[in-house]
Amino acid sequence: MSEPGGAQSTDQYAALPSGIRICYRDFGDKAGPAILLLAGMGEDLTFWTGSFFGSLAARGFRVVAIDNRDAGQSTFVTAPPPTLWRQIAARPRGDAYTLADMAQDAVGVLDCLGISRVHLVGRSMGGMIAQTVAAAAPERVLSLTSVYSTTGAKKVGRPALSTIRLLAAPPARTRTAAVRAHLRLTRHIAGTGYPIDDAAEAAIAAHGWDRSAGDPAAGVARQIQAIQRSGDRTAQLRTITAPTLVINGDRDLLVDPSGGEATVKAIRSAQHVVIPGMGHHIPEALVGPVTQYVSQHADRVGEGGNHVRIS
């Protein structure tokens, strides 16, 4: 399947011992160093866009991207989603899965592909999953890049009230409504420096709706409760030894920039890049800069997992 930007791959599936089936795509040189991309809440792997895949593949990386559980073509779990009241009150159901379960999904895909060590790149919720993998399975992680994510601490990384109002709107039940909702939210959270391309974003949202193997609204609700059930992960983040890069904008209305600051404080020797005008979105104009940051960070890591300082 061809994606915008020239990257090509097809949906493939990893059947995990847990019973979860994870959809993934595998781009680039299979002999190159591997990068695993973990998408955000409610996003499938195509939200990274073909140009993002292509930029990393052109730099010599093997690029693997997955649909998290409850998104895209991966398993939608059968447990009922939490009610809106439970989400607002942060009272997850007793049968909720956690970020640790989602991290195990990611490691399971690496096992299926025979990838022993990987450069992790996650954005938003995907950043939380990547952080969890780096803490729980350090032997599998060459480097970590956490993009507009946070630690789970209650006082940092909180969405703006205006964003909460948008998120509390009734969920979309049709393709057209889903596209409109995506455009409305993305315009709001994209930041002041990078206006969105409406046509491109509409196509991404429509394709995401078409790829969904289950109820997207229920999937998002269960992912929200996974974050809530995982709680404050600051102590866990302090155990991360992988060389870490934290990227966020200064105009993020979904995960306040304080979340990035807290992540840097928690992870020893983490490097921090703040992009002026950037919000909770990677527009086409930032694909080049962000993938350059990611690739330079990965290139500075030796095979032993040590960070090589370059002056």
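**Briefing: helix packing and nonpolar cores**

The crossing of helices α6 and α7 is right-handed. This description rests on a predicted model. Beyond that helix pair, the briefing covers the largest nonpolar core, which has 39 residues, and another core of 26 residues that lies apart from it.

**The α6–α7 pair**

- Two packed helices are described by the angle between their axes and the distance between the axes.
- Helix α6 spans residues 175-189 and helix α7 spans residues 198-211; they pack at an angle of about 130 degrees, and their axes are 9 Å apart.
- Because of this angle, α6 is oblique to α7.
- On the α6 side, the contact is made by Arg175, Ala178, Val179, His182, Leu183, Thr186 and Arg187. These meet Asp198, Glu201, Ala202, Ala205, Ala206, Trp209 and Asp210 of α7.
- Seven of the residues in this contact are nonpolar, two are polar and five are charged.

**The nonpolar cores**

- In soluble globular proteins, nonpolar side chains tend to be buried together.
- Within the largest core, of 39 residues, the most contacts belong to Leu36, Leu38, Ile66, Leu120 and Ile240.
- Two or more residues of this core come from each of the strands β2 (21-28), β3 (34-38), β4 (62-66), β5 (118-123) and β6 (141-147), and from each of the helices α3 (99-113) and α4 (125-136).
- Helix α3 contributes the most to this core, with eight residues.
- Leaving aside residues up to four places away in sequence, Leu120 touches Leu36, Leu38, Ala130, Val133, Ala134, Val141, Ser143, Leu144 and Thr145.
- The separate core of 26 residues includes Phe53, Val63, Leu245 and Val287.

Notes
Residues are numbered from 1 along each chain as its sequence is written. This is a predicted model: local features need pLDDT of at least 70, side-chain atom pairs count only at pLDDT 80 or more; totals for chains, interfaces and linings use all residues. Side-chain values use heavy atoms; hydrogens and water are left out. A nonpolar core is a set of buried Ala, Val, Leu, Ile, Met, Phe, Trp, Tyr and Cys residues joined through side-chain atoms within 4.5 Å. Buried means under 20% relative accessible area, exposed over 50%, partly exposed in between (1.4 Å probe, protein chains only). Helices (H or I, at least four residues) and strands (E, at least two) are DSSP runs, numbered from the N terminus. Contact means heavy atoms within 4.5 Å. Axes are lines fitted to C-alpha atoms, for helices over the stretch in contact, and angles run from 0 to 180 degrees between N-to-C directions. Angles under 35 degrees count as roughly parallel, over 145 as roughly antiparallel, 65 to 115 as roughly perpendicular and the rest as oblique. A crossing is left-handed if the near helix is turned anticlockwise from the far one by less than a right angle, and right-handed if clockwise. Ala, Val, Leu, Ile, Met, Phe, Trp, Tyr, Cys and Pro count as nonpolar, Asp, Glu, Lys and Arg as charged, and the others, Gly among them, as polar.
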